[in-house]
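Got your viewer open and a hand on the mouse? Let's take a walk through this one together, selecting a few residues at each stop.

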Amino acid sequence: GTRALATLDGNFDNLEPLFTRVGAIVFFRSPRVDGSLWRTDGTPQGTTVALHGSLVDGPFEDLVAFGGTLYFFQFVNGEGDALFRSDGTPAGTVRLQTFNEGIYGNSSHVPVVYGNHLVFVADDGVHGPEPWKTDGTAAGTVLIRDIFPGEPASVAGFFAEPFVQVGGQLYFTADDGAHGAELWETDATAAGTRLVHDLNPGAAASNPSDLTWVGAHLYFAADDGLLGYEPWFLTLGSGGGLCQAADTHLCLNGGRYRVEAQWKDAAGHIGDGHGVALSPDTGYFWFFSPTNVEAVLKVLDGRPLNGHFWVFYGALSNVEYSLTVTDTQSGLTRRYFNPQGNLASVGDTSAFGPRGAHARSLATAAAPPPFIAQRRQVKAAGACTPSSSRLCLDDGRFAVEAAWKDFAGHTGVGTPVQLTVDTGYFWFFDSSNVEVMLKVLDGRGVNNHFWVFFGALSNVEYTLTVTDTATGAVKIYSNPSGRFASVADTSAF
């Protein structure tokens with residue numbers, strides 16, 4: 001039942017036929033050098049040349065059926081790369097738009113039918129390779145959006161990933177010049193063309209490829225700058241994109257911001273932090289044990305003051321880790337990196353502005369200036385008694401109190417909240433606004449001392465007074481106004 005319909009000179013190994021069905025007719029290009037366009041109805045007599053090719057013009061490219069009609073691209077010598085609509089006859093073949101001459105032989109237009117439009121990639125010589133659409137008319141063949149303003153390519157020629165349609169959206173890979181090649185979506189309008197997720201934050205590219213839709217997920221391969229090139233998926237239709245609660249991330253500021261932590265210890269082991277929410281804006285991560293808090297972070301809406309969302313974090317750990325904060329509304333991401341041995345607190349008051357995350361991909365926190373510490377001796381009390389201003393740690397041996405002074409000169413005492421036997425935090429102005437977190441660890445098995453760690457989410461002036469009720473020894477840590485400090489005092493007591 002297999003028979004030849006026609007004998008063509010040439011070799012299909014050199015030029016793909018691009019079989020494309022339009023109604024009852026299948027169009028294809030011949031393997032000859034001129035790449036003529038053929039048509040067949042499945043019979044030998046119905047297999048004929050539809051449009052003759054040329055040795056000076058390019059072969060027929062990117063054949064696609066749209067609205068019961070054939071569309072294709074062809075390089076026209078001396079003019080450029082042109083989009084045609086055709087019924088398969090010379091008289092019924094119409095040129096819709098001619099694009100940049102330099103695109104021929106060096107790109108794929110990856111056309112896809114999307115509702116009442118054909119969406120494709122093209123370069124008009126002004127905007128570089130960008131997403132375009134046509135409704136089948138010359139007037140309706142228009143640029144969707146200049147994603148990378150000017151001549152640079154946002155969807156790069158030969159390397160363009162095909163558009164994948166999922167429901168009412170098209171997903172594709174593009175580079176806007178600020179966030180590298182990342183996952184984008186479009187509804188074929190300028191307003192509806194947006195970044196989905198800046199997976200490798202800032203100018204670095206995650207290069208999503210092999211986009212594949214299965215069920216409720218869009219699968220693809222990408223490099224987030226931490227784990228290398230790995231498989232990923234995007235959950236589609238998940239309640240407007242808000243952060244969904246999970247053990248490995250925090251959802252802050254009404255679920256708009258998703259925060260993830262990845263750590264690497266001195267032995268090279270890696271893992272994900274486990275998130276614990278403290279308030280709508282604040283949470284912390286533990287790495288190795290639920291009782292050992294490693295980093296605390298909050299996202300505040302500072303737009304009434306400077307038009308930005310603010311990110312603050314404080315560390316109780318000096319292992320290597322990164323904190324990745326994603327704005328689920330814009331897909332933009334900010335990543336903060338802490339190198340091994342560093343202990344940092346950060347106040348980023350321009351983290352997410354009117355246009356999302358600003359350009360730097362990594363915000364590496366410098367080690368804070370030396371803290372101011374004092375020692376003194378009081379009468380041993382025997383055991384700590386918790387109160388509205390006193391935190392009791394290490395099974396009640398250590399009493400911790402906080403006093404603050406704001407930028408206007410007002411003073412007060414911190415209100416403590418116990419988290420674990422060894423760890424707690426203080427709030428100064430509002431119970432939902434964590435200001436400083438502190439833990440006391442028994443390090444006597446290592447260096448014969450008790451250790452004090454604290455990480456600040458506040459840059460107001462404050463003092464932390466830690467008292468060993470068993471010996472009467474007191475250690476006072478003072479933070480000047482304007483400083484964010486994380487401290488690891490491994491010889492405190």
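The tour below goes from aromatic rings to charges over rings, and ends in a pocket.

Before you click on anything, keep in mind that this is a predicted model.

**Stop 1: a first ring pair**

How many aromatic pairs does a search of the whole structure find? The count is 28. Start with one of them by selecting F19 and F28. Their ring centres are 5.3 Å apart and the planes make an angle of 45 degrees, which gives a tilted pair.

Now show the surface and look at each partner. Is F19 buried or exposed? F19 has a relative accessible area of 56%, so this residue is exposed. F28 has just 7%, and because buried means under 20%, F28 counts as buried.

**Stop 2: a pair across the chain**

Next, select F428 and Y462. Why is this pair called tilted? The centres are 6.1 Å apart and the planes stand at 55 degrees; tilted pairs are those with planes neither under 30 degrees apart nor over 60.

Colour by secondary structure here, since the pair links distant parts of the chain. F428 sits in the loop between β37 (423–427) and β38 (434–443), while Y462 belongs to strand β40 (residues 461–468). The two residues are 34 residues apart.

Check the surface again. F428 is buried at 6% relative accessibility, and Y462 is buried too, at 2%.

**Stop 3: a ring cluster**

Select F73, F99, F120 and W132 together. Ring pairs join these four residues into a cluster.

**Stop 4: lysines over rings**

Pick K298 and F312. K298 lies over the face of the F312 ring, 5.5 Å from the ring centre. Then move to K439 and F453, where K439 lies over the face of F453, at 5.5 Å from the ring centre.

**Stop 5: the largest pocket**

For the last stop, select H197, F233, L234, T235 and R258. Out of the 43 residues that line the largest pocket, these lie nearest its centre. The space in this pocket is about 1,200 Å³.

Which elements give two or more residues to the lining? Highlight β15 (181–186), β16 (194–197), β19 (229–235), β21 (257–264) and β27 (320–327). Strand β19 has the largest share, with 6 residues.

Finally, colour the lining by class: you should find 18 nonpolar, 15 polar and 10 charged residues.

Technical notes: Residues numbered from 1 in each chain as written. Predicted model: local features only at pLDDT ≥ 70, side-chain atom pairs only at ≥ 80, totals over all residues. Heavy atoms only, no water. Phe/Tyr/Trp six-rings, centres within 6.5 Å; stacked < 30°, edge-to-face > 60°. Buried < 20%, exposed > 50% of the residue type's maximum accessible area, 1.4 Å probe, protein only. Helix = DSSP H or I, 4+ residues; strand = E, 2+ residues; numbered from the N terminus. Lys NZ or Arg CZ within 6 Å of the ring centre and 35° of its normal. 1 Å grid on protein atoms, 1.4 Å probe; cavity = no way out; pocket = protein on both sides within 12 Å on 5 of 7 lines; lining within 4 Å. Points joined across faces, edges and corners; volume = space filled by probe spheres on them. Nonpolar A, V, L, I, M, F, W, Y, C, P; charged D, E, K, R; others polar.
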